[in-house]
Amino acid sequence: MPTRLILRRPDDMHLHLRDGAMLAGILPETARHFARALIMPNLVPPVVTAAQAQSYHARILAALPDGADFTPLMTLYLTETTDPDDVATAHASGLVHAVKLYPAGATTNSQSGVRDFAAVRPVLERMAEIGLPLCLHGEVTHADVDIFDREAVFLETVLDPMRRAIPELRIVLEHVTTKQGVEYVQAADNMGATLTTHHLVINRNHILAGGIRPHYYCLPVAKRETHRLALLAAAVSGDPRFFLGTDSAPHTDDAKESACGCAGCFTATNTMSILAEVFEQQGALDKLEGFTSTHGAAFYGLRQSRAQITLRKGDPIRYPACIETGAGPVTVFDPGFDLHWHVET
Ligand code: NCD
Ligand code: ZN
């Protein structure tokens, strides 16, 4: 069994960095191990225009620790009034690498998202023309659809019609949580999918059995074990359509541990150690680099990162239970098993 792993420095293709004191507090957690990350635009107010993305990009660079080897890849938040020309300019300048579609009301800060899919068709057609990928939060939001079915219903009622209408559009189905989602992507030529660290580890029992555990609550909500096993099989399969997007989404502890707690798991700190442990358990350490470091870059047409990280196996590692930020403490995701793969920095 190997005890040392050398990987291309990984990319996190779905990350929430927030802004202000929270950004300053949590950015080092990602910058320590990752080469690049695709930065989600669901700030308040959201990052809708190229000018807003430019200014958020500058704030992220300003918050980076000295000497950090990390590049933020910006996205735009799609609204029904998004201007196709602004999107095309932002893409042509190299600033923006994807546009994110949140169905209105689907998740944290998605009030400005899309209600009427016909309204965004001109933007989607333009994106198809210029080869700019669409990142999809793949859940319907109707109150009458059970929360555990929202991803599967989205595939049939939104994604499939969209792909038929604009077949050239390159789509990433974000944070897939169901077997149906995995199978949909496996059958599509021009799609990618991100898988989160936490959805490879937890099922819905972790959230609900023996007491409510708010730090395991995220959206899309974790499903039953059969679905987790399908995600795991996709992650270790070596299929380049599946790549890491941690969806690490910090909320302060008081916002999580509340009568109406926020959705999001914070996994930036220990993601690489967790993934090494999970891939090792599957006998698939040789597939880890593809999943964390090459498939995502290939999908987004980025050069493969030249820098490397080394993981070394040893005694269990103690990660902090919580990161203190100027906005308040943020609990680090607890995988529920020991982590032996230390990331050397
Ligand atoms: C994310 C957040 O907090 O911004 N929350 C989450 O549960 N994943 C939003 C999202 O990606 O859905
Ligand atoms: Zn997210």
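Student: What makes the pair formed by ligand 1 and the side chain of His137 a polar contact?
Tutor: An oxygen atom of ligand 1 is 3.4 Å from an N or O atom in the side chain of His137, and a polar contact is a pair of N or O atoms within 3.5 Å, so this pair qualifies. The model is a predicted one, in which local features need pLDDT of at least 70 and side-chain atom pairs count only at pLDDT 80 or more, while totals for chains, interfaces and linings use all residues. Residues are numbered from 1 along each chain as its sequence is written, chains are lettered from A and ligands numbered from 1 in the order in which they are written, and side-chain values use heavy atoms, with hydrogens and water left out.

Student: Which atoms of Thr108 and Ala263 lie by ligand 1?
Tutor: In Thr108 it is a polar side-chain atom, 3.1 Å from an oxygen atom of ligand 1, whereas in Ala263 it is a backbone N or O atom, 3.1 Å from a nitrogen atom of the ligand. Taken alone, ligand 1 exposes 320 Å² (Shrake-Rupley method, 1.4 Å probe), and the protein buries 100% of that.

Student: How many residues surround ligand 1, and which are the closest?
Tutor: There are 15 residues around ligand 1, each with a heavy atom within 4 Å of the ligand, and Asn42, Thr107, Leu219, Asp247 and His251 are the closest of them.

Student: What makes a space in this structure count as a cavity, and how many are found?
Tutor: A search of the whole structure finds three cavities of 30 Å³ or more, a cavity being a set of points, on a 1 Å grid over the protein atoms alone, where a 1.4 Å probe fits but cannot get out. About 110 Å³ of space lies in the largest cavity, and among its 16 lining residues (those with an atom within 4 Å of a point) His16, Thr107, Leu219, Asp247 and Ala249 are the closest to its centre. By class, that lining has five nonpolar, eight polar and three charged residues. The second largest cavity holds about 50 Å³, and its lining includes His215, Lys256, Cys265 and Phe333.

Student: Why is the space beside Tyr319 and Asp334 called a pocket?
Tutor: A pocket is an open set of points with protein on both sides within 12 Å along at least five of seven lines, and the largest one has a volume of about 250 Å³. Of its 16 lining residues, Ile317, Tyr319, Asp334, Pro335 and Leu339 lie nearest its centre, and the lining has 10 nonpolar, three polar and three charged residues. The second largest pocket has a volume of about 190 Å³, with Ile207, Leu208, Ile212, Pro214 and Tyr217 nearest its centre.

Student: How do you know whether Cys322 is bonded or unbonded to Cys265?
Tutor: Because a disulfide is a pair of cysteine sulfur atoms within 2.5 Å, the 15 Å from the sulfur of Cys322 to the closest cysteine sulfur, in Cys265, is too far for a bond. The structure holds zero disulfides, and Cys135 is in none, with the nearest cysteine sulfur, that of Cys218, 17 Å away.

Student: Why is Cys135 called buried, and what is Cys322 called?
Tutor: Buried means under 20% relative accessible area, exposed over 50%, and partly exposed in between, so Cys135, at 0%, is buried, while Cys322, at 26%, is partly exposed.

Key: Buried means under 20% relative accessible area, exposed over 50%, partly exposed in between (1.4 Å probe, protein chains only). Grid points are joined across faces, edges and corners, and a volume is the space filled by probe spheres set on the points. Ala, Val, Leu, Ile, Met, Phe, Trp, Tyr, Cys and Pro count as nonpolar, Asp, Glu, Lys and Arg as charged, and the others, Gly among them, as polar. A polar contact is a pair of N or O atoms within 3.5 Å; within protein, one must be able to donate a hydrogen and the other to accept it, and residues adjacent in sequence count only if both atoms are side-chain atoms.
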